[in-house]
Protein chains: 2
Amino acid sequence: MAVPTLLVLDAPGQEPGPRLGRLTGRATVLHTDGPGLAARLPTADVLLVWDPTSDAVRAAWPGAGPRPRWVHTASTGVDRVLCPELVASGTVVTNARGIFEEPVAEYVAALVLAMAKDLPRTLELQGRRQWRHREGLRVAGSKAAVVGAGPVGRAVATTLRALGVTVAVTGSRARPGVHGPEQLRRLLTRADWVICAAPLTESTRGMFDAGAFGLMQPSARFINVGRGELVVGSDLVAAVSKRWIAGAALDVFDREPLGPDSPLWDVPGLIVSPHMSGDTVGRLDRLGEQFVDLYELWAAGRPLRNVVDKKRGYVPLHD
Amino acid sequence: MAVPTLLVLDAPGQEPGPRLGRLTGRATVLHTDGPGLAARLPTADVLLVWDPTSDAVRAAWPGAGPRPRWVHTASTGVDRVLCPELVASGTVVTNARGIFEEPVAEYVAALVLAMAKDLPRTLELQGRRQWRHREGLRVAGSKAAVVGAGPVGRAVATTLRALGVTVAVTGSRARPGVHGPEQLRRLLTRADWVICAAPLTESTRGMFDAGAFGLMQPSARFINVGRGELVVGSDLVAAVSKRWIAGAALDVFDREPLGPDSPLWDVPGLIVSPHMSGDTVGRLDRLGEQFVDLYELWAAGRPLRNVVDKKRGYVPLHD
């Protein structure tokens, strides 16, 4: 059997490439950047999307000629990869489930605790050498609504519960431990913390808009670790600026990197971070190992793990 | 029986006084500030130290004349209250055990997570409108040494363990679940997080000095929520500045409030907060209720709770 061709969509100038030494002799590895992808796509049996920020696959996929039979993305979200032609094709798509969930959950806990203890203000006062005592909030006993019942949302719920938070999780449909979308409005009105960890699909795009923020308590805080497009940015800015809600933290944005002229950078009460919630030291090694493990299954003709339901736009539970 | 006289050492301009309505008719309540304390002390049966930052008791206690039979301080630490004459006297001292432990533990968790996820730097970059992706550290799987085996240290250990941290607690003597002081050096060499939650006594004063910081890993971070005097400040500044350790956070200081000319304010990698780790919304009501509950025990001649071992300088375990 011919050695398969593995095409790696690199992140030039951003991330070192995956360590693929274990595949020596078992794959012909080609590298490409975004602009070069379309020309190389017909030659590839497997496409590894190593650059999680690239929209190149969605742009390059439609067209004539053979296409890879398997696409793996080194990310949780697959919205940047899926296009109608890929969804309709026989190509299998897998994601990096298992790498980012717990780091994201810790990051959300960091934001919740930092906001409860007024840490951003403490750092600001420190910079001005000002001693100004304040009272923090208890996190234990507070209420969170986690929107998104996938592995990330569930990991966030587990970590917040470990801190004594009462957590309700909502998903696209009700099931044990998960509230259906019809409960979302009620939960938003009660939550101290609203955590968005939903996948970006046509039914979730823009779900956090003025209507949603208007339901929240004035003491509530909103955290987005899903995708930027889940939130109507101007509505969030208005909600924070007008004190409809007490604060927010965004780790994801419509366009990344966020440009220096974005109005989001300096909204008082809004924390902006550069899409790093899931990224911890060693993750690139873990992502590389995960892909090689999957490649070995694929090459042996065995069932893959982390297979995306392309119509839904995420890996279903119990995959 | 005569109505007892309750003298309250207020915190003028800082905290509203305790709500003592439940004691109407059962205590003659007098208020004093620090300078007025010495003159009123002989008239009091009970002294409530409502200002946790005051050194007035230690200064006013020695001298002639009757002294209150019971002193309660609305704080965990009693170092600011105890003087040799009070220790030698028959006066009972109680503290606010039960109010601050879990808030302090959450505050420590907030600092640990914020440092692991590089949140101070994120906020600094946000202020400059700079998108600079970084990798955080996992908190789960890291190691903490908690120094201080009282209720605060134990609460810190519980909360960090809930986040997946491996925690070793050291105290003044070994007992189940607590390492003795002879283990401290070994534990300091291994810890990612060193949390100081010890009481200030003659054997703990200055325990975190250049020798202690020199044992820690270059990746370690130090957090002090005990008392400022447990740490040799200039040694800590040197350890952080010279990168013997990766960072630190101080919530307590030799002199509070920290003056605007302190060198601690602007050491890169050092977070300074205004002695607020245990202070959450509603605490003044809880402190007032706790005192009134104790007063009712005292007035009924029943055993008090939270009784300080004055020779040791803290409330022993299983009190």
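Across all chains of this predicted model, a search of the whole structure turns up 38 salt bridges. One of them pairs A:Arg227 with A:Asp79, whose side chains meet at 2.7 Å, N to O. The two partners come from distant parts of the chain, 148 residues apart. A:Arg227 sits in the loop between β9 (221-224) and α9 (233-241) of chain A, while A:Asp79 belongs to the loop between β4 (70-73) and α3 (84-88) of chain A. What about their surroundings? A:Arg227 has a relative accessibility of 9%, so it counts as buried. A:Asp79 comes out at 12%, and therefore counts as buried too, the cut-off being under 20% relative accessible area.

Other salt bridges make a handy set to look at alongside this one. In chain A, A:Asp279 forms a salt bridge with A:Arg283, with 3.8 Å between the closest N and O atoms, and both of these residues are buried. Over in chain B, the side chains of B:Asp55 and B:Arg58 meet in a salt bridge at 3.3 Å, N to O. Here the setting is partly exposed: the relative accessible area is 38% for B:Asp55 and 34% for B:Arg58. Salt bridges can also share partners, and in this way A:Arg22, A:Arg26, A:Asp293 and A:Glu296 are joined into one network.

Next comes the layout of chain A, which is divided into two parts: domain 1 (5-99 + 281-299) and domain 2 (101-272). Their C-alpha centres lie 31 Å apart. Where the two domains of chain A touch, 7 residues of domain 1 are in contact with 8 residues of domain 2. The size of an interface is often given as the accessible area lost when the parts come together. For domain 1 and domain 2 of chain A, the area buried between them is about 690 Å², and carbon and sulfur atoms give 38% of that. On the domain 1 side, A:Asp79, A:Arg80 and A:Arg97 lose the most area to domain 2 of chain A, together 58% of what that side buries. A:Asp79 is thus a residue already met above, as the partner of A:Arg227 in a salt bridge. Across this interface between the two domains of chain A, the rule finds 1 salt bridge.

Turning to the strands of chain A, how many of the residues of strand β1 (residues 5-9) are buried? The count is 5 of the 5, so the strand is largely enclosed by the rest of the structure. Its side chains split between two directions: A:Thr5, A:Leu7 and A:Leu9 point one way from β1(A), with A:Leu6 and A:Val8 pointing the other way. β1(A) also has neighbours to pair with. It runs parallel to strand β2 (residues 28-32) of chain A, and 5 bridges join the two; within that pairing, A:Thr28 is the bridge partner of A:Thr5. A further 4 bridges join β1(A) to strand β3 (residues 46-49) of chain A, again in a parallel arrangement. In this second pairing, A:Leu9 stands opposite A:Val49.

Finally, chain B offers a helix to follow from end to end. Helix α4 (residues 101-116) of chain B has 16 residues and reaches 22 Å from its first C-alpha to its last, close to the 22 Å expected at 1.5 Å a residue. The helix is mostly covered, with 15 of its 16 residues buried. Just after α4(B), B:Asp118 takes a positive phi of about 60°.

Notes:
Residues are numbered from 1 along each chain as its sequence is written. Chains are lettered from A and ligands numbered from 1 in the order in which they are written. This is a predicted model: local features need pLDDT of at least 70, side-chain atom pairs count only at pLDDT 80 or more; totals for chains, interfaces and linings use all residues. Side-chain values use heavy atoms; hydrogens and water are left out. Buried means under 20% relative accessible area, exposed over 50%, partly exposed in between (1.4 Å probe, protein chains only). Two strands pair if DSSP finds at least two bridges between them. The expected span of a helix is 1.5 Å times one less than its number of residues. Domain bounds come from an automatic or database domain assignment. Contact means heavy atoms within 4.5 Å. Buried area is the accessible area (1.4 Å probe) that two parts lose on being put together, summed over both. A salt bridge is a side-chain nitrogen of Lys or Arg within 4 Å of a carboxyl oxygen of Asp or Glu.
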